[in-house]
Amino acid sequence: MQFYCMVMRINIDCNGCYRKVRKALLDMHELETHLIEKKQSRVSVCGKFIPQDVAIKIRNKTNRRVEILDIQELVTNTAAAAAADADNQNNQENRTLISSSSWSLLPSQTQMAPCVT
C-alpha cells in the first residue's frame, strides 16, 4: 500500500458529530495521523491506506456524508532509498580506477536524496 494524505469534507455541526468522527478515525489502525478542523468541516488523514476505503468506513461509522477534496500520494522512504542506491551505483560505474602509484582522494558525493515529508 502507498502512503497517502487525504482531505475530506464532513459536516460537523456539534460536539456529538465531532466525537463520532474522532472515534471513527481512532478506530482505523491504518491511519497514522489525523486532523479535524471543526469550523471548516474538514478532516485530513495520513497513512498507508486506500483512500476510497477510508472514506467509505467513515461514512458507515458516522452516518455522515463524506466528500473527498484532495488526495496526495507520497513517496515512502524505501522508494527514495532505492532511487538513491541506483544513483550511487551509476556514480560508482563512472569513477575512474586509482593506480597504486598515485594516491588521490575521490570526490565525495555532494548530491543528497530529496527529503519527502
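The following dialogue explains how to read several features of this predicted model.

Me: What kind of model is this, and how are its residues numbered?

Reply: This is a predicted model, in which local features need pLDDT of at least 70 and side-chain atom pairs count only at pLDDT 80 or more, whereas totals for chains, interfaces and linings use all residues. Residues are numbered from 1 along each chain as its sequence is written, and side-chain values use heavy atoms, with hydrogens and water left out.

Me: In what order do the strands of the sheet lie?

Reply: Some terms come before the case. Helices (H or I, at least four residues) and strands (E, at least two) are DSSP runs, numbered from the N terminus. Two strands pair if DSSP finds at least two bridges between them. Here, four strands form an open sheet in the order 2-3-1-4, and the pairing is antiparallel. Strand 2 (31–37) and strand 4 (66–74) are at the edges with a single partner strand each, so one side of each has no neighbour in the sheet. On average, neighbouring strands of this sheet are turned by 15 degrees against each other, direction ignored. Such angles are taken between N-to-C directions and run from 0 to 180 degrees; the axes are lines fitted to C-alpha atoms, for helices over the stretch in contact.

Me: How many bridges does strand 1 form with strand 3, and how many with strand 4?

Reply: Strand 1 (residues 3–10) pairs with strand 3 (residues 42–48) in the antiparallel sense over seven bridges. One position to look at is Phe3, which stands opposite Lys48 in strand 3. With strand 4, strand 1 pairs in the antiparallel sense over eight bridges. There, Arg9 has Glu67 of strand 4 as its bridge partner.

Me: Is strand 1 mostly covered or uncovered?

Reply: The general idea is that in a regular strand the side chains alternate between the two faces of the sheet. A residue is called buried under 20% relative accessible area, exposed over 50%, and partly exposed in between (1.4 Å probe, protein chains only). Strand 1 is mostly covered, as seven of its eight residues are buried.

Me: Where do the two helices lie with respect to the sheet?

Reply: Contact is the term needed here, and it means heavy atoms within 4.5 Å. Helix 1 (residues 15–27) lies across strand 1, strand 2 and strand 3, and runs at about 170 degrees to strand 2. Helix 2 (residues 51–62) also packs on the sheet, where it touches strand 1, strand 2 and strand 4, and its direction makes about 35 degrees with that of strand 1.

Me: Which residues of helix 1 are buried, and which are exposed on the other side?

Reply: An α-helix has 3.6 residues a turn, so residues three or four places apart point the same way. In helix 1, the buried residues are Cys17, Val21, Ala24 and Leu25. Seen down the helix axis, these buried residues fall within an arc of 100 degrees (the arc of the directions from the helix axis to the C-beta atoms), so they line one face of helix 1. They pack against strand 1, strand 2, strand 3 and helix 2. Arg19 and Lys23 are exposed on the other side of helix 1.

Me: Which residues does Lys61 touch?

Reply: Lys61 is in helix 2 and is partly exposed at 45% relative accessibility. Not counting residues up to four places away in sequence, Lys61 touches Ala24, Asp27 and Met28. Asp27 belongs to helix 1 and is partly exposed, with a relative accessible area of 37%. Although Asp27 and Lys61 are 34 residues apart in sequence, their C-alpha atoms are 9.9 Å apart in space.

Me: Which cysteines are joined by a disulfide?

Reply: A disulfide is a covalent bond between the sulfur atoms of two cysteines. The cut-off used here is a pair of cysteine sulfur atoms within 2.5 Å. The structure holds one disulfide, which joins Cys5 to Cys46 with S to S 2.3 Å. This link is right-handed, with 115 degrees about the S-S bond. Cys5 lies in strand 1 and Cys46 in strand 3, so the pair ties together parts 41 residues apart in sequence. Cys5 is buried at 16% relative accessibility, and Cys46 is buried at 18%.

Me: Why do Cys14 and Cys17 form no bond?

Reply: The sulfur of Cys14 has its closest cysteine sulfur in Cys17, 3.5 Å away, which is too far for a bond. Cys17 is accordingly in no disulfide. Cys14 is partly exposed, with a relative accessible area of 38%, whereas Cys17 is buried at 9% relative accessibility.
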